[in-house]
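Got the model open in your viewer? Here is a short route through it, stop by stop, with what to select at each one.

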Amino acid sequence: MEKSELALTQAVESLQDEMVDFACRLVAQPSVLGEEDGALEVMEQEMKSLGLEPVHAPMDSPGLAAHPGFAPTPWSQQGRYSLAATRPADGRGGKSAIFNGHLDVVSQEPLERWERDPYEPLVEGGWLHGRGAGDMKAGVAAMTYAIKAVQKAGLGLAAPVTLEGVIEEECTGNGALACLVAGFDADAALIPEPFGPTILTSQVGVMWFKVSLTGVAKHTLEASSGVNAIELCCYLMQALRGLEARINADKPVDFAHVATPAQLNIGTINSGDWPSTVPAKAEFQCRLGFFPEMSFEQAAQAVRDCLDQAAQKDAWLRDNPPEVEFYGFRSQGHRVSRDLPALSLVSQCHKDLSGQEASEYACTCTTDLRSFVVYGRAQATCFGPVAQNIHSPNERVDINSMIYTAKVYALFLARWCGLVQ
Ligand SMILES: [Zn+2]
């Protein structure tokens, strides 16, 4: 490594206490859906402390609503926003970059399974504990402090770099898309999701849908003339499991090492109000993965066909078919070549800092990479810290891996944007 690059990694080390403190301040904000304001404010302050001018990328703009990647939501987007701030170039001739991280977290439930308050960040034994510590507030801190390290080392960059702190990564992907629609794009984009020191080269598509159906309410005395909506749900869930099996029967080679890479998750069910009454209404909500070969429209049609065919085989559902509604995620899957200059540069930075080769990662969930790869121009991948129990109780992130991620990102900036001394 060159002397200036060494100075950069030393600058990251000198900033590590501040980086941990920033991650803790983010974790202290319970930024579940609809309650992201506190985390957005912490991020905006941090952007300002870097000397940047953050922009609110609106989630309720007509341009976003009309975008083909926009996911419709039953909740209002009015007044909601994601954040983007660009550090202008200090010179010429470099390539631009975006560092993107999401500020939203999934629910802390089941709360009673946590060993401590999920929103009271705790540093202990080299780990930072708390909801969102891994997914992905440590990553947000790492990418932010990579830029801070450039400044602390007294260096400049020959191309602009944009920091994005977005919401709705966990449910729609609309936040990252809002930044793109607001005009933020670059030659490369990196997302420090907590997948460790790997290069993400493919990810599945993901969609959400809700199935609603009606039965016939009866007292249990006359249960035989009722139609139990919960049992009909079970029947349709089995049919959807069949669809999941058919999708996974045709696994592309990059996902072949995972048993069920295109997962169906039945996430919620609502029905019934009395043990002695046959329930007359029910609805359940699902998440289904699908491979990059399939478009969202094809996957949605496969769900409709599956439910139709099951309904045709049932005496009640044939005349009272279930309704299916698609909302939230409708994210296309994608693949990128590891040989793209930005991806191979991340690998090289990792190799120069650790002596290790980065492995390739085929992701069985979606990330905001979709926004860059499917709809933008950036060469984009994930490379990030090491976390445990994301989306589960007792989430935690390895602090050294966060600091390490910041070093890789700082080195990437030096080599991709170009240093101005
Ligand atoms: Zn995440």
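Before the first stop, a word on metal donors: these are N, O and S atoms within 2.8 Å of the metal (3.2 Å for Na, K and Ca), and water is not among the atoms, so sites may look incomplete. This is a predicted model, where local features need pLDDT of at least 70 and side-chain atom pairs count only at pLDDT 80 or more, while totals for chains, interfaces and linings use all residues. Residues are numbered from 1 along each chain as its sequence is written, and side-chain values use heavy atoms, with hydrogens and water left out.

**Stop 1: the zinc ion.** Select the zinc ion along with His102, Asp135 and Glu193. His102 gives NE2, Asp135 an OD atom and Glu193 two OE entries, at 1.9 to 2.7 Å. Angles among the 4 donor atoms run from 51 to 145°, and the site is irregular (four donors are tetrahedral if all angles lie between 85 and 135 degrees; four are square planar and six octahedral if opposite donors are over 155 degrees apart and all others between 65 and 115; anything else is irregular). Along the sequence, the donor residues follow the spacing H-x32-D-x57-E. His102 sits in strand 3 (residues 97-102) and Asp135 in helix 5 (residues 133-152), so this pair links parts 33 residues apart in sequence. Helices (H or I, at least four residues) and strands (E, at least two) are DSSP runs, numbered from the N terminus.

Now color by accessibility. His102 is buried at 1% relative accessible area, and Asp135 is buried at 6%. Buried means under 20%, exposed over 50%, and partly exposed in between (1.4 Å probe, protein chains only).

**Stop 2: along helix 5.** Stay on Asp135 and look at its peptide bond to Met136: it is cis, with omega near -10°. Then slide along to Ala149, also in helix 5, and buried with a relative accessible area of 0%. Its C-alpha is 5.3 Å from that of Val12, 137 residues away along the chain. Leaving aside neighbours within four places in sequence, Ala149 is in contact (heavy atoms within 4.5 Å) with Leu8, Ala11, Val12 and Leu15.

**Stop 3: another cis bond.** Go to Glu109 and Pro110, where the peptide bond is cis with omega near 0°. Pro110 is in the loop between strand 3 and strand 4 (122-124).

**Stop 4: two asparagines.** Finish in the loop between strand 17 (387-388) and strand 18 (396-398), where you'll find Asn389. Its phi is positive, near 60°, and Asn389 is partly exposed at 38%. Asn394 is in the loop between strand 17 and strand 18 too. Asn394 has a positive phi of about 65°, but at 18% relative accessibility it counts as buried.
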